[in-house]
Amino acid sequence: MTRGLTRHFSRTKAHRDAMFRNLVTQLFQHGSIVSTHEKCQEASRLAERIITMAKGLERHPNSAKEIQSRLSLAGDASHLLHRVVGELAPRYQNRPGGYTRILKLEPRLGDRAKQSVLELVDAPVVDKNGALQRGNIRLWLLCKTAIANETAGVAYSPLTLQNFAKMLKFRPDASEFFSRDVMAVRRFIKQEMGLPHDEATEHEIISKLQEQVTALPNHKLQSNNAPGYTLVAERPQR
């Protein structure tokens, strides 16, 4: 239920605060969560505020207490504050906002409630030990689309290239992103699909993909006739 600008979710304020505190804690701990679409929207707003406060912690040291009050720092999440300040804040230091992403899923079985995935953007797919991590679903979808295009023998669509370029907008390590994250995701997808995987061939394909993505001028679409886009030379006069 919504009254005014606040969603109450048929809960008291204390219950709502505890619920979103747990959701954001799980998001920072695991990188992504699945919940109803409305809860993901509210949890996204809270997560964005916490990351913004963590980025400005040097200028406002008292923000640490407020960050602690907005997280459930108990059990496995006892060291979560160090991760938010020491890992997430530096990762998004050059990003002015938009630290989270919401992707819609199929309705939930039973009550048919709208479900979504809430995840942190630019999350590393591979950890320090080389194992795949949870999160960054958009990268998985893009790699699966690219593999489907290669299998069908068609060129990458301009929209696919643009979406890859968007993921590089605030990343200073484009080569590492393609050679590590994209390579690991493609290897896993091809194994699941039963497609042949050769390291030398994959390196060549990924190098060509990187060249096409980085060749986009200012991350714009190269095709003027791309579906869904209309380019207007001049603003129409009223």
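This section goes through the overall make-up of the protein, its salt bridges, its helix packing and a few pairs of residues far apart in sequence.

The model is a predicted one. It has 8 helices and 5 strands, and going along the sequence these elements come in the order β-β-α-β-α-α-α-β-β-α-α-α-α. The protein has 238 residues, and 40% of them count as buried. As for how the chain folds back on itself, take the contacts with a separation of 6 or more: 59% of these come from residues 24 or more positions apart.

Two pairs of C-alpha atoms give a feel for such distances. Ser 69 sits in helix α3, which covers residues 63-69. Its relative accessible area is 45%, so Ser 69 comes out as partly exposed. From Ser 69 to Arg 21 the C-alpha distance is 8.7 Å, with their positions 48 residues apart in sequence. The other pair starts from Ser 175 in helix α7. Ser 175 is likewise partly exposed, because its relative accessibility is 48%. Ser 175 and Ser 207 are 32 residues apart along the chain, and their C-alpha atoms are separated by 8.9 Å.

Next come the salt bridges. Side chains of opposite charge can pair when their charged atoms come close. The structure holds 18 salt bridges, and three of them are picked out here. One lies within a single helix: Glu 87 and Arg 91 pair through their side chains, with an N to O distance of 3.4 Å. Both belong to helix α4 (residues 80-91), and because they are 4 residues apart there, about one helical turn separates them. What about solvent? Glu 87 is partly exposed at 34% relative accessibility, and Arg 91 is partly exposed as well, with a relative accessible area of 22%.

Another salt bridge joins Glu 119 to Arg 101, whose closest N and O atoms are 2.6 Å apart. This one runs between strands: Glu 119 is part of β5 (residues 115-120) and Arg 101 part of β4 (residues 100-104), so the pair ties together parts that are 18 residues apart in sequence. Here the partners are shielded from solvent, as Glu 119 counts as buried at 0% relative accessibility and Arg 101 counts as buried at 11%.

A further salt bridge links Glu 202 with Arg 186, with 2.7 Å between the closest N and O atoms. Glu 202 comes from helix α8 (residues 199-214) and Arg 186 from helix α7 (residues 174-193), so this pair ties together parts that are 16 residues apart in sequence. Glu 202 is buried, with a relative accessible area of 1%, and Arg 186 also counts as buried, at 1% relative accessibility. The pair does not stand alone: Glu 202 and Arg 186 belong to a network of salt bridges together with Glu 150 and Lys 190.

That leads on to how α7 and α8 pack. Their axes are 10 Å apart and meet at an angle of about 130 degrees. Angles that fall between the perpendicular range, which ends at 115 degrees, and the roughly antiparallel range, over 145, count as oblique, and α7 and α8 are therefore oblique to each other. Their crossing is right-handed. On the α7 side, the contact is made by Ala 174, Ser 175, Phe 178, Val 182, Met 183, Arg 186, Arg 187 and Lys 190, while α8 brings in Glu 199, Glu 202, His 203, Ile 205, Ile 206, Leu 209, Gln 210 and Val 213. By type, the residues of the α7 and α8 contact come to 8 nonpolar, 3 polar and 5 charged. The salt-bridged Arg 186 and Glu 202 are thus both part of this contact, as is Ser 175.

Helix α8 has another partner in α6 (residues 158-167), packing against it at an angle of about 85 degrees with the axes 9 Å apart. The helices α6 and α8 are therefore roughly perpendicular to each other. Leu 161, Phe 164 and Ala 165 of α6 meet Leu 209, Gln 212 and Val 213 of α8. The residues of the α6 and α8 contact divide into 5 nonpolar and 1 polar, with no charged ones. Leu 209 and Val 213 of α8 take part in the contact with α6 and also in the contact with α7.

Definitions and conventions: Residues are numbered from 1 along each chain as its sequence is written. This is a predicted model: local features need pLDDT of at least 70, side-chain atom pairs count only at pLDDT 80 or more; totals for chains, interfaces and linings use all residues. Side-chain values use heavy atoms; hydrogens and water are left out. A salt bridge is a side-chain nitrogen of Lys or Arg within 4 Å of a carboxyl oxygen of Asp or Glu. Helices (H or I, at least four residues) and strands (E, at least two) are DSSP runs, numbered from the N terminus. Buried means under 20% relative accessible area, exposed over 50%, partly exposed in between (1.4 Å probe, protein chains only). Axes are lines fitted to C-alpha atoms, for helices over the stretch in contact, and angles run from 0 to 180 degrees between N-to-C directions. Angles under 35 degrees count as roughly parallel, over 145 as roughly antiparallel, 65 to 115 as roughly perpendicular and the rest as oblique. A crossing is left-handed if the near helix is turned anticlockwise from the far one by less than a right angle, and right-handed if clockwise. Contact means heavy atoms within 4.5 Å. Ala, Val, Leu, Ile, Met, Phe, Trp, Tyr, Cys and Pro count as nonpolar, Asp, Glu, Lys and Arg as charged, and the others, Gly among them, as polar.
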